[in-house]
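Visitor: Could you take me through one part of this protein close up? I'd like to look at the charged side chains and how they pair.

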Amino acid sequence: EEKKEDKVEAKEEKKEEKVEAKKDGKEGRLGLPESVIAESLSLSGELQYERLLRIDGRFEGELVSRGDLIVGATGELVGDVRSMREVVVEGRVVGDICVDRLELCAGSSVYGDVTCKTLRVDPSGVLVGSVNVNPLAPASLQADAHTVEADACDGELEKAMAHLAASDPETVLSESIKVTGTLRFDRLVRVDGRFDGELQSTGDLVVGRHGQVHGNLDVMNNVVVQGKVVGDVGVDRLDLCSGAAVFGDVSCKSLRMEPNGVLVGTVNVHPKAPQRVAPDGTLLGIAVKKAAEAKKEAKVEAKEE
């Protein structure tokens with residue numbers, strides 16, 4: 001009877017611990033952390049662990065693990081994250097990340113290069129750095145889809161973008177069409193064929209499953225990619241569906257990626273995009289627009305010559 005009572009008490013204590021952990025926000029879908037760096041702590045050096053670590057304070061240095069990591073809303077990590085399974089960022093990370101799955105929650109920020117198989121960024125999350133997202137990560141892919149050697153290393157929005165993908169477009173470039181030149185449009189265009197050149201619009205764009213766009217996408221509102229884009233993207237909201245591929249630099253206010261999507265390039269996801277932002281919050285200018293302006297100036301100079 002005493003043993004039974006002890007078991008019952010032990011179970012009740014575990015339940016209470018789980019309840020308290022949930023209240024404190026320390027238990028999510030990854031489970032209860034093996035270790036927690038509390039909000040009041042600041043550590044530096046090397047930290048090794050096996051399963052799940054949660055950082056609510058500040059850690060600077062090297063993390064060694066094959067497990068999972070949560071950087072809490074008050075947490076700050078300064079250092080590279082490599083070879084882990086899943087990383088959830090609610091706070092701030094300054095360093096390169098090479099993991100299987102990466103999730104940036106509301107209000108989070110990552111300043112560094114990212115390599116992963118799956119990436120999810122909340123509309124209010126910040127991501128500034130080079131990104132390599134593909135099913136073969138940490139191997140990277142080139143625009144011709146050849147594998148390169150690996151380096152060392154929200155609901156309403158989803159509904160809106162899904163509705164856009166299913167909407168009747170103003171213009172459709174069908175699968176059998178190939179166009180080269182300049183395309184101007186006001187509302188919604190769907191590309192199911194191939195387009196090489198310049199797209200000029202403040203409207204929306206859908207690149208269909210068989211569609212290819214070779215050129216920069218700039219100043220548009222919403223872009224849904226189900227096919228392939230080779231060029232820089234500077235828009236308000238970007239949605240990469242399963243099987244989609246973007247090879248180029250991206251600057252947007254909101255980014256959503258489904259598993260098996262590919263994104264290779266420099267990424268700036270920030271509420272003030274297309275302006276780029278440094279880790280200290282300093283605005284660095286407009287990357288995509290500056291590149292476009294430089295190309296236009298070069299063309300003008302060439303014509304004058």
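Guide: Let's settle one term before we zoom in: a residue is called buried when its relative accessible area is under 20%, exposed when that value is over 50%, and partly exposed in between. Keep in mind, too, that this is a predicted model.

Now for the setting. The chain folds with three helices and 29 strands. It runs to 305 residues, of which 44% count as buried. About 15,700 Å² of the chain is exposed, with carbon and sulfur atoms supplying 48% of that area.

On to the charges. Side chains of opposite charge can pair when their charged atoms come close. Searching the whole structure turns up 15 salt bridges. Start with Glu 76 and Arg 58, whose side chains meet in one of these, at 3.4 Å from N to O. Glu 76 sits in strand S6 (residues 76–78) and Arg 58 in strand S4 (residues 58–64), so this pair ties together parts that are 18 residues apart in sequence. As for cover, Glu 76 is partly exposed, at a relative accessible area of 22%, and Arg 58 is partly exposed as well, at 28%. The pair doesn't stand alone, either: a network of salt bridges links Arg 58 and Glu 76 with Glu 60 and Arg 92.

Next, move along to Arg 256 and Glu 258. Their side chains form a salt bridge with an N to O distance of 3.2 Å. Here's where that opening term pays off: Arg 256 has 14% relative accessibility, so it counts as buried, under the 20% cut-off. Its partner Glu 258, at 25%, counts as partly exposed.

Arg 190 and Asp 192 give you another pair to click on, with their side chains meeting in a salt bridge at 3.0 Å, N to O. Asp 192 is buried, with a relative accessible area of 17%.

To finish, look at some charges that sit together with like charges. Glu 2, Glu 5, Asp 6 and Glu 9 form a negative patch on the surface. Residues in a patch like this have no salt bridge, by definition. Among the four, Glu 9 is found in helix H1, which covers residues 2–23. With 44% relative accessibility, Glu 9 counts as partly exposed.

Notes. Residues are numbered from 1 along each chain as its sequence is written. This is a predicted model: local features need pLDDT of at least 70, side-chain atom pairs count only at pLDDT 80 or more; totals for chains, interfaces and linings use all residues. Side-chain values use heavy atoms; hydrogens and water are left out. Helices (H or I, at least four residues) and strands (E, at least two) are DSSP runs, numbered from the N terminus. Buried means under 20% relative accessible area, exposed over 50%, partly exposed in between (1.4 Å probe, protein chains only). Accessible areas come from the Shrake-Rupley method with a 1.4 Å probe; for residues, only the protein chains shown count as cover. A salt bridge is a side-chain nitrogen of Lys or Arg within 4 Å of a carboxyl oxygen of Asp or Glu. Patches are made of residues with over 30% relative accessible area and no salt bridge: like charges are joined within 9 Å, nonpolar side chains (Val, Leu, Ile, Met, Phe, Trp, Tyr) within 5 Å. Lys and Arg count as positive and Asp and Glu as negative; His and the chain ends are not counted. The place of a charge is taken as NZ of Lys, CZ of Arg, CG of Asp or CD of Glu.
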